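Hi,

Here is the model I promised to pass on. Have a look, and my notes follow below.

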Amino acid sequence: MSSSELFWMPVWLSLKTSLLSSILAFILGTAAARWMSRRMFPGKAMVETFLILPLVLPPTVIGFILLVVLGRNSWVGRLAEWLFAQPIIFSWGAAVIAAVVVSFPLVYQSMRAGFDSVDRELEDSARSQGAGEWQVLRWITLPLVSRSAMAAYILAFARGLGEFGATWMVAGNIPGKTQTLPTAIYVAVSNGDHRLAWTWTAVIILFSWLLLAAAGSGRRERTGR
Amino acid sequence: MRTAIASRLYRSMTRYGLPCLLAMMLIILSACAEGQSAAPATSGGESGGAEPPTELIVSAAASLKETLEEAGRRFEASHPGVRLRFNFGGSGALVQQLEQGAPADLFISAAREPMERLVHKGVVAEQDIRVLLRNSLVLIERKGSAHIRQLGDITGEQVRIVAVGQPETVPAGSYAREALEHVGLWEAVETKAVYAKDVTAVLTYVESGNADAGFVYETDALQSDQVETVLRLDPELHSPIEYPAAVPLIASHPKEAAELLAFLSTDEVKDIFEQAGFVVMEGM
């Protein structure tokens with residue numbers, strides 16, 4: 001690999017990983033939150049605890065669990081190996097999965113708060129006027145939780161961009177294949193290559209800043225200020 | 001909105017996170033208490049009522065935890081007036097503590113380089129350093145896979161992934177690279193290498209069958225019953241894997257600490273280290 005490739009590979013991989021993982025986490029987290037906010041069932045608190053567990057577990061623990069669950073000796077790992085003709089572990093897909101798992105609870109939490117704050121009478125009045133469930137969701141509920149949704153998506157993207165521990169454990173650290181910015185920076189720092197570490201750090205700061213700025217301007221437009 | 005998210009997060013953290021945290025702390029505390037109550041029990045009986053025991057603080061590499069604790073119990077049994085307190089951690093972190101003036105009567109490092117940093121900072125005198133133990137680098141595979149007979153086999157087709165510690169940050173990885181470069185296999189291995197965050201991760205990758213082979217220390221390989229040691233690398237192929245020890249200049253009980261250091265290479269405790277896979281260095 002040339003030196004410019006060496007520099008851009010982790011940047012590109014990090015962006016690709018966090019973009020895909022944030023979209024997946026957003027869809028899964030929103031669906032789970034919607035489902036949980038409207039239902040009461042025995043053991044609900046237990047299920048909820050399980051859903052947000054990745055938030056409090058150390059990423060290396062999540063990495064270890066994923067390594068065993070997705071590993072080449074588990075049935076999930078074997079099924080995937082049979083389907084894609086290559087193991088999930090130490091692949092780019094594993095990096096995406098790790099990022100989805102750690103950012104899922106953030107989406108879930110934000111969306112749960114959003115759905116809980118929606119006035120049910122608004123939904124019910126739409127239903128009484130003949131709207132189907134899908135229409136209620138599309139035209140009433142989602143617009144009302146749009147700000148939660150934006151916060152949720154940005155949190156998920158940022159968490160995915162910064163993911164380090166679980167990613168290294170299940171995706172390894174293969175330059176050009178699974179090496180993302182945080183691992184690349186870690187290795188560069190330990191290697192004493194401070195110039196490279198700083199340049200990558202600048203890139204990651206720039207992205208985070210752009211993300212927050214986008215979130216800020218979105219908020220202003222919505223509130224009309 | 002933001003405060004709503006924050007309060008929700010906080011609420012669930014206090015609701016679930018805190019009990020979990022408390023439970024874990026309790027488990028850790030009870031584990032510590034167990035370790036400590038075992039130690040004084042051996043010396044407490046004889047020295048009861050006499051002057052308070054001298055407390056030696058031993059800062060040592062985390063990989064020595066089990067063996068040093070065991071050896072420490074024997075030392076306490078034969079030296080009733082002395083009690084040991086261990087501080088285990090990564091060698092790099094321990095050096096940071098010592099540089100900042102943390103108390104220690106004996107420091108045992110897992111590599112040469114951290115010890116040299118302490119000499120540079122004036123915490124340890126060069127002539128006080130002695131090599132206590134040696135370790136070996138081994139090639140492991142998962143029990144029962146039997147793909148590898150000799151080092152050259154790792155380039156074969158049956159070995160798809162080889163776990164190596166990240167050479168820049170994990171000493172075991174840099175020793176492995178050094179040895180493989182020496183025999184001209186590194187380029188072939190590099191294409192199927194997965195770099196692990198630490199040597200324990202290498203072990204985990206091989207144990208779980210996610211890597212077909214890996215390079216770890218002999219002591220690590222012996223700790224796992226799920227991996228098999230295929231071969232021990234010729235020590236000539238890489239720099240020596242040494243555990244240097246020294247009584248720092250800041251030690252508050254240098255005499256007792258020197259006794260402990262001498263004791264650690266006597267026949268009385270040799271079996272503990274050898275059983276774990278270390279080579280004990282003879283004499284001072």
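Which residues lie nearest the centre of the second largest pocket? Among the 36 that line this pocket, they are Asn173(A), Ile174(A), Pro175(A), Gln179(A) and Tyr195(B). A pocket here is an open set of points on a 1 Å grid over the protein atoms alone where a 1.4 Å probe fits, with protein on both sides within 12 Å along at least five of seven lines, and lining residues have an atom within 4 Å of a point.

Before you go further: this is a predicted model, where local features need pLDDT of at least 70 and side-chain atom pairs 80 or more, while totals for chains, interfaces and linings use all residues. Residues are numbered from 1 along each chain as its sequence is written, chains are lettered from A in the order written, and side-chain values use heavy atoms, leaving out hydrogens and water.

Back to that second pocket: its volume is about 710 Å³, counted as the space filled by probe spheres set on the points, which are joined across faces, edges and corners. The lining splits into 21 nonpolar, eight polar and seven charged residues (nonpolar is Ala, Val, Leu, Ile, Met, Phe, Trp, Tyr, Cys and Pro; charged is Asp, Glu, Lys and Arg; the others, Gly among them, are polar).

The largest pocket comes to about 1000 Å³. Ser63(B), Ser91(B), Ala110(B), Pro171(B) and Tyr217(B) are the closest to its centre, out of 37 lining residues. That lining has 17 nonpolar, 13 polar and seven charged residues.

As for chain A, 46% of its 225 residues are buried (under 20% relative accessible area, 1.4 Å probe, protein chains only).

Cheers

Key. Buried means under 20% relative accessible area, exposed over 50%, partly exposed in between (1.4 Å probe, protein chains only).
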